[in-house]
Each structure stands twice: as structure tokens, then as C-alpha cells.
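Trainee: Got a minute? I'd like to walk through this model with you.

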Amino acid sequence: MKHILQTLSFTFAVFSIATTMVSCNKQNDNSINNEFNTQVINLPKEPLNSDEQVTLSFMREEEKLARDVYTFLYNKWQINIFSNISSSEQTHMEAILLLLNKYILPDPVGNNPA
């Protein structure tokens, strides 16, 4: 299980860096997202311990907070980098939600406003 989480963490880190650093068009973004989603779904599903479950929930909330902050900053100053980072944080939120759904864990974010 530890090896799978390390592999997943590495994959997620590479994905995060790629989506943050590379400016792609929407079609390429969807292609990258679909490939990542397929890889996550195809990983073996092993039981998560309570620390892993708590960590996934925390990561989902942290990514939402980051998205909300960068959205606020973009709305206040209209600087494109804030919009780009907000979009990346949204992608991260979706990746964590994919894991929460895979492991049938509740989404701590739900429909909470910013």
C-alpha cells in the first residue's frame, strides 16, 4: 500500500507541476486530465488506514482553500497568473475528489461556498 501511495503521490506531483508550469490549450488539458484519471482509476484499490483517509480529506479542503484564495486575488486585481493558478487548484481538487470517490469517502468540501 505504501508503494502505491508513493507512486500516486509522485504521479500527482508531476501532474501538478505540469499543469501549473505548462500553458496548454483546453483540448490538451482535457487529454492530460483524462490520462491522469484513467491512471488513478486503474491503480489497485487497497484499503486505506485512517491517516490516509484524513489526509485525502485534508488535501481536498486545502486545494479548495487555495483555489478560493487565487480566485479572490484574480477578481480583485485581474492579474492572469491568479486565474491560471486558480484553474490549477481546481484541477487538483478534481484529482482528490476522484480518489475520494474511488475509496467511497465523503467529500468534505461538498457545496461549501468560498
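Mentor: Sure. One term before we start: a contact means heavy atoms within 4.5 Å. And keep in mind that this is a predicted model.

Trainee: Fine. What share of the contacts with a separation of 6 or more comes from residues 24 or more positions apart?

Mentor: Such residues account for 74% of those contacts in the chain.

Trainee: And the secondary structure? How many helices and how many strands?

Mentor: Four helices and zero strands. From the N terminus on, the order is α-α-α-α.

Trainee: How much of the chain is buried?

Mentor: Buried residues make up 31% of the 114 residues. The accessible surface comes to about 7500 Å². Carbon and sulfur atoms own 58% of that surface.

Trainee: Let's go inside. Which residues form the largest nonpolar core?

Mentor: There are eleven. Phe-36, Val-40, Leu-48 and Leu-56 are among them. So are Ala-95, Ile-96, Leu-98, Leu-99 and Leu-100. Tyr-103 and Leu-105 complete the set.

Trainee: Which helix gives the most to this core?

Mentor: α4, with five residues. Both α2 (26-42) and α4 supply at least two residues each.

Trainee: Pick one core residue. What does Leu-98 touch?

Mentor: Asn-37, Val-40 and Ile-41. That leaves out residues up to four places away in sequence. Val-40 is in the core as well.

Trainee: Staying with α4: how far apart are its end C-alpha atoms?

Mentor: They are 33 Å apart. α4 has 23 residues, so at 1.5 Å a residue it should span 33 Å, which agrees.

Trainee: Switching to charges. How many salt bridges are there?

Mentor: The count is three.

Trainee: Which residue pairs with Asp-107?

Mentor: Arg-60. Their closest N and O atoms are 2.8 Å apart. The pair links distant parts of the chain, 47 residues apart. Asp-107 sits in the segment after α4, and Arg-60 in helix α3.

Trainee: Is Arg-60 buried or exposed?

Mentor: Arg-60 is buried, because its relative accessibility is 6% and the cut-off for buried is under 20%. Asp-107 is at 27%, so it counts as partly exposed.

Trainee: And the other bridges? What does Asp-68 bind to?

Mentor: Asp-68 meets Lys-64 at 2.4 Å, N to O. Asp-68 also meets Arg-67, at 2.9 Å. Lys-64, Arg-67 and Asp-68 are thus linked in a network of salt bridges.

Trainee: Where do Asp-68 and Lys-64 lie?

Mentor: Both lie in helix α3, four residues apart, about one turn of the helix. In general, an α-helix has 3.6 residues a turn, so residues three or four places apart point the same way.

Trainee: Are those three network residues buried or exposed?

Mentor: Buried. Asp-68 has 15% relative accessibility. Lys-64 has 7%, and Arg-67 has 18%.

Trainee: New topic: backbone. Which residue in the loop between α3 and α4 has a positive phi?

Mentor: Gln-78, at about 55°. Gln-78 is not a glycine, and its place is in that loop.

Trainee: Why remark on that?

Mentor: Because most residues other than glycine have a negative phi.

Trainee: How accessible is Gln-78?

Mentor: Its relative accessibility is 49%, so Gln-78 counts as partly exposed. The cut-off for exposed is over 50%.

Trainee: What about Ile-104? What is its phi?

Mentor: Positive, about 50°, and Ile-104 is not a glycine either. Ile-104 lies in the segment after α4. At 70% relative accessibility, Ile-104 counts as exposed.

Trainee: Last one, the outside. Which residues form a nonpolar patch on the surface?

Mentor: Trp-77, Ile-79 and Ile-81. Together they have about 310 Å² of accessible area.

Trainee: Where is Ile-79?

Mentor: In the loop between α3 (50-77) and α4 (80-102). Gln-78 has its place in that loop too. Ile-79 is at 40% relative accessibility, so it counts as partly exposed.

Trainee: Great, that covers my list.

Terms used:
Residues numbered from 1 in each chain as written. Predicted model: local features only at pLDDT ≥ 70, side-chain atom pairs only at ≥ 80, totals over all residues. Heavy atoms only, no water. Patch = residues over 30% accessible without salt bridge, like charges linked within 9 Å, V, L, I, M, F, W, Y side chains within 5 Å. Areas by Shrake-Rupley, 256 points an atom, 1.4 Å probe, with all protein chains shown as cover. Salt bridge = Lys/Arg side-chain N within 4 Å of Asp/Glu carboxyl O. Buried < 20%, exposed > 50% of the residue type's maximum accessible area, 1.4 Å probe, protein only. Expected span 1.5 Å × (residues − 1). Core = buried A, V, L, I, M, F, W, Y, C linked by side-chain atoms within 4.5 Å.
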